[in-house]
Amino acid sequence: MQGGYSLTHIAAGIAVVALLMLGVGFYAIYQELASLRSQVEGLNTRYEEISESLEEVQGAFESSRGDIESIASSLESIQDRVSKIEERLGSAATQSDLDAVARELASLTQQLEDLQARIQALEESGAEAGERLDQLAMALQDLQARLASLEERVDEVYASLYFPVTVVDGTGTPVVLLERPERIVSMAPSATETLYYVGALDRVVGVDQYSDFPPELNEAKEAGEVEVIGGYWNPSIEAILSLEPDLVVGVASVPNHIQVKKVLSAYGIPVILLPDNSLEDVRESMMIVGKATGEVVGAYEAVLKFDMAVAAAGLLLEGVDPVETAVVVWPNPLFVVGGGTWEHEVIELAGGVNVYGDTQGWPQVSYESLLEADPDVIILMGGHSDGGVTVEGFIEALESQLGEAAREIDAVASRRIYVLLDEYNDSFARPSPRTVLSIYVLAVLIQPSAFDIQPGDLPSEVSPETLDVLGLLEGRVPEEVLEFLGEALG
């Protein structure tokens, strides 16, 4: 307690000194943000929760049929909001004001992306108003540039005013960052992907050996710009220290990450361990990383897109009859996805009922339990193409344990057994913003009729090369959702 008390006062002192040193230039920026207080009040509901997200998605479907004047009216409304922000900048802002401004900018950015998609749809439809559409497109680009400028100014204030900042990580531990981190190390693929989605990947100098997304990260590793610090389960403390990081990010469920946190704390290196049990933890992780890195606008933008993609899946599968499903983590011995996991939530969002939902985590179960559960669909997590997990091998393992009784399992009898490979497997196995892609992949496998296809038309080995999920989604979800899912594929 005494040490924490001293650190708080030291941090406060550093903040005061930093503010005094900023001078007139940063003070002017600081002054500019205060009058936003009246505009940002009421924005603390983070996009009005999922109910409003559903309304936004439904609106996106309907707005694709909107006319030119509707688009023009929307642009004028956004232009007025941006102008008011620019004109009324004036007095002091608090940290909560900055967070609210970030939410406002993220919301405006999303609205402009929606309008851009509507303009493109009208252009592609051959609407007879080419000159008017060109004018609207130019006005939209101008607004996007003005918003980008505002985001840069907010980022400047974050860098100078926002720090020191305290975030509470997945272990419930407050972590203090005295300044914006410039050298970041990630100990988990999900953490690396979260850093990417909030906009902090360019400051990552070290990752675990399994971090391979986005594609440019692999290029940076090959070029020696990003170092590998060991495995996901056993990161090297020596390798991490050699990179002289000012922030290390891992996950709370890995015991060795907790040990690394204890050791590096003695060196004064902040370590944040992200929560990784549920889809809500994925959302929370985006905000934790955004605040820790000063990329709060990027974090809010990522959360908005994530929420929209989840909500669109709910609309797409609304009214379907759930299908009993088992997901196998490893076939021999048999480990499955149980309750209390993000994968369990994905199964349910994809129109399935997890037959092992009454268990917790990823339990080892008997083959007899699978016979008793009798799922209609079995999905195998196969890793990458050379992972060695195959449908044939799994059926052989079933038959060796159960004999002819294995054929009594509905999924075996109907040949509705699938193995996830490559990006489709990774998006399901890693609790990051990319996880939303796996909802749609599993939805196609569990509820193929919702996509106007038959189970027999599905491949047993499911990867982007064998099943074009994005193609099946065209016309069924908003373009913004397709873009977000496409980004998840790299």
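**Buried strands, a pocket and unusual backbone geometry**

Tyr 418, leaving out residues up to four places away in sequence, touches Val 377, Ile 378, Ile 379, Leu 380, Val 391, Leu 445, Pro 455, Leu 458, Pro 459, Ser 460 and Val 462. This residue belongs to strand β12, which covers residues 417-420. Because its relative accessibility is 2%, Tyr 418 counts as buried. One of the residues that Tyr 418 touches is Leu 380; the two are 38 residues apart in sequence, and their C-alpha atoms are 6.0 Å apart in space.

The model is predicted. The chain has 490 residues, and buried residues make up 52% of them. Its secondary structure consists of 20 helices and 13 strands. Of the contacts between residues at least 6 apart in sequence, 69% join residues at least 24 apart. The pair Tyr 418 and Leu 380, 38 residues apart, can serve as an illustration.

A second buried position is Thr 325, in strand β8 (residues 323-330). Thr 325 counts as buried because its relative accessibility is 0%. Its side chain reaches the backbone oxygen of Val 323 at a distance of 2.9 Å. With neighbours within four places in sequence set aside, Thr 325 is in contact with Ile 347, Gly 352, Val 353, Asn 354, Val 355, Pro 375, Val 377, Ile 379 and Ile 446. Val 377 and Ile 379 are also among the residues that Tyr 418 touches.

Five strands form an open sheet with parallel pairing, in the order β5-β4-β3-β6-β7. Its edge strands are β5 (227-228) and β7 (271-274), each of which pairs on one side only. Strand β4 (residues 204-207) pairs with β5 in the parallel sense over two bridges, and here Gly 206 stands opposite Glu 227 of β5. Strand β3 (residues 184-186) runs parallel to β6 and is joined to it by three bridges; Val 185 stands opposite Val 248 of β6. Between β6 and β7, which also run parallel, there are four bridges, and the bridge partner of Val 251 in β7 is Leu 274.

Strand β6 (residues 247-251) is largely enclosed by the rest of the structure, because five of its five residues are buried. In a regular strand, side chains alternate between the two faces of the sheet. On one side of β6 lie Leu 247, Val 249 and Val 251, and on the other Val 248 and Gly 250; all are buried, and both faces of the strand are thus covered.

Rolling a probe the size of a water molecule over the atoms shows where empty space is left. The largest pocket holds about 930 Å³ of space. Its lining is made up of 28 residues, and those nearest its centre are Tyr 232, Trp 233, Met 381, Ala 429 and Arg 430. By type, the lining divides into 15 nonpolar, eight polar and five charged residues. At least two lining residues are supplied by each of α7 (189-198), β8, α13 (342-349) and α17 (422-429). Strand β8, which holds Thr 325, therefore also contributes to the pocket. The largest share, three residues, comes from α17. Helix α17 is itself mostly covered, with six of its eight residues buried. The buried residues of α17 are Asp 422, Tyr 424, Asn 425, Asp 426, Ser 427 and Phe 428.

Most residues other than glycine have a negative phi, and most peptide bonds are trans. Several places in the chain depart from this pattern. A cis peptide bond joins Phe 213 to Pro 214, with omega at about 5 degrees. Pro 214 is in the loop between β4 and α8 (215-222). Another cis peptide bond, with omega at about 0 degrees, joins Asn 332 and Pro 333, and Pro 333 lies in the loop between β8 and β9 (335-336).

Positive phi values occur at two aspartates. Asp 374, a residue other than glycine, has a phi near 50 degrees and is found in the loop between α14 (367-373) and β11 (377-381). Asp 374 counts as partly exposed because its relative accessibility is 24%. Asp 452 is not a glycine either, and has a positive phi of about 60 degrees. Its place is in the loop between α18 (435-446) and β13 (461-462). With a relative accessible area of 65%, Asp 452 is exposed.

Terms used. Residues are numbered from 1 along each chain as its sequence is written. This is a predicted model: local features need pLDDT of at least 70, side-chain atom pairs count only at pLDDT 80 or more; totals for chains, interfaces and linings use all residues. Side-chain values use heavy atoms; hydrogens and water are left out. Buried means under 20% relative accessible area, exposed over 50%, partly exposed in between (1.4 Å probe, protein chains only). A polar contact is a pair of N or O atoms within 3.5 Å; within protein, one must be able to donate a hydrogen and the other to accept it, and residues adjacent in sequence count only if both atoms are side-chain atoms. Contact means heavy atoms within 4.5 Å. On a 1 Å grid over the protein atoms alone, a cavity is a set of points where a 1.4 Å probe fits but cannot get out, and a pocket is an open set with protein on both sides within 12 Å along at least five of seven lines; lining residues have an atom within 4 Å of a point. Grid points are joined across faces, edges and corners, and a volume is the space filled by probe spheres set on the points. Ala, Val, Leu, Ile, Met, Phe, Trp, Tyr, Cys and Pro count as nonpolar, Asp, Glu, Lys and Arg as charged, and the others, Gly among them, as polar. Two strands pair if DSSP finds at least two bridges between them.
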